[in-house]
Amino acid sequence: ELLEKQVEEPTTTVKKTVKESQINIDTSKKINIYAGTNENKELSNLAGRPFRFTYGASYTDFDSVEQAYQAAKRDYSEDSQFNSNLEEKILDAKNGFEAKKLGSQFKGLDIKSWDENSSRIMKKFILESFKQNPEALKTLLATGNAELTHIQDKGKWGKEFPKLLMEVRSELNNQQELDKLKSKDIIQEDIDNIPGKFKPCK
């Protein structure tokens, strides 16, 4: 799918085009991500990108990063029936927008502790969401080395979200390259172990 809208800025960089799985992106420009204006919304935390997150011996299935992120506030809020019920409502939310609205209602949220840990928590969810959704990962990796932005958000996440997303992109791209090398090594090892292979011609 084409990442449709980008922030146009003057550039002297040589235009580079990436084509993969019907994705065509000019990576010489910055790419803005904002679900509210449909700008590359498939890369947004609000996008439907189902994944399973494991906590020790248990796990929870989420429909989006936003849902997982908002539900995580439960562990940083006061222990009450209201908050327990609110967490369930978030897990039953129809979409990321609804989950985000509900997440603002937690009572007794330890704001200091949450702020100190929120980026780490969000990155884990972003990472898992792309690892478990190959087509979404292709879209992310097709942005190449382009700078990702979130310009409509004037708060913390205006800078932090695209930073985390670019970190995830780099990590998963490196992992893919490593997997390719490992695959080549395994294939070569299998070839080397073929009995009587490559016997010299007489």
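**Entry 1. Burial and overall layout**

I take a residue as buried when its relative accessible area is under 20%. By that criterion, 41% of the 202 residues in the protein are buried. I note at the outset that I am reading a predicted model.

I looked up the secondary structure next and found 6 helices and 6 strands. Along the sequence these elements follow the pattern β-β-β-β-β-α-α-α-α-α-β-α. I also checked how far the contacts reach in sequence. Of the contacts between residues at least 6 apart, 60% join residues at least 24 apart.

**Entry 2. The nonpolar core**

Which residues have the most contacts inside the largest nonpolar core? I find Phe125, Ile126, Phe130 and Leu165 in that role, in a core of 37 residues. The elements that each supply at least two residues to this core are β4 (51-55), α1 (65-71), α2 (81-91), α3 (96-103), α4 (111-131), α5 (134-141) and α6 (157-192). Helix α4 gives the most, with 7 residues.

I then followed Leu165 individually. Setting aside residues up to four places away in sequence, I see Leu165 touching Ile33, Leu43, Ile126, Phe130, Leu140 and Leu148. Two of these partners, Ile126 and Phe130, are themselves listed with Leu165 among the residues with the most contacts inside the core.

**Entry 3. Salt bridges**

I count 9 salt bridges in the structure and examined three of them.

The side chains of Glu147 and Lys30 meet with an N to O distance of 3.5 Å. This pair links distant parts of the chain, 117 residues apart. Glu147 sits in the loop between α5 and β6 (148-149), and Lys30 in the loop between β2 (23-26) and β3 (31-32). Are the two partners buried or exposed? Neither term fits: Glu147 is partly exposed at 40% relative accessibility, and Lys30 is partly exposed at 25%.

For the salt bridge between Lys123 and Glu171, I note an N to O distance of 2.8 Å. Lys123 belongs to helix α4 and Glu171 to helix α6, so the pair ties together parts that are 48 residues apart in sequence. Glu171 is partly exposed, with a relative accessible area of 36%.

In the third pair, Lys131 and Glu128, the N to O distance is 3.6 Å. These residues are 3 apart in helix α4, which means that about one helical turn separates them. Lys131 is partly exposed, at 47% relative accessibility.

I also looked for salt bridges that share partners. Such bridges join Lys123, Lys163, Glu167 and Glu171 into one network.

**Entry 4. Packing of α2 against α3**

At what angle do α2 and α3 pack? I read about 165°, with the axes 9 Å apart. Angles over 145 degrees count as roughly antiparallel, and the two helices are therefore roughly antiparallel to each other. The crossing of α2 past α3 is left-handed. On the α2 side the contact is made by Leu86, Lys89 and Ile90, and on the α3 side by Ala99, Leu102 and Gly103.

**Entry 5. Gly96**

I turned to Gly96, which is found in helix α3. Gly96 is buried, with a relative accessible area of 3%. What does Gly96 contact beyond its neighbours within four places in sequence? I find Leu46, Ser64 and Glu66. For Ser64 I also noted the C-alpha separation from Gly96, which is 6.3 Å, although the two residues are 32 apart along the chain.

**Entry 6. Positive phi in the loop between β3 and β4**

Most residues other than glycine have a negative phi, so I recorded the exceptions that I came across. Asn38 has a positive phi of about 60° and is not a glycine. Asn40 likewise has a positive value, with phi near 50°.

Where do these residues lie? I place Asn38 in the loop between β3 and β4, and Asn40 in the loop between β3 and β4 as well. Their burial was worth looking up separately. Asn38 is partly exposed at 44% relative accessibility, whereas Asn40 is buried at 2%.

Methods: Residues are numbered from 1 along each chain as its sequence is written. This is a predicted model: local features need pLDDT of at least 70, side-chain atom pairs count only at pLDDT 80 or more; totals for chains, interfaces and linings use all residues. Side-chain values use heavy atoms; hydrogens and water are left out. A nonpolar core is a set of buried Ala, Val, Leu, Ile, Met, Phe, Trp, Tyr and Cys residues joined through side-chain atoms within 4.5 Å. Buried means under 20% relative accessible area, exposed over 50%, partly exposed in between (1.4 Å probe, protein chains only). Helices (H or I, at least four residues) and strands (E, at least two) are DSSP runs, numbered from the N terminus. Contact means heavy atoms within 4.5 Å. A salt bridge is a side-chain nitrogen of Lys or Arg within 4 Å of a carboxyl oxygen of Asp or Glu. Axes are lines fitted to C-alpha atoms, for helices over the stretch in contact, and angles run from 0 to 180 degrees between N-to-C directions. Angles under 35 degrees count as roughly parallel, over 145 as roughly antiparallel, 65 to 115 as roughly perpendicular and the rest as oblique. A crossing is left-handed if the near helix is turned anticlockwise from the far one by less than a right angle, and right-handed if clockwise.
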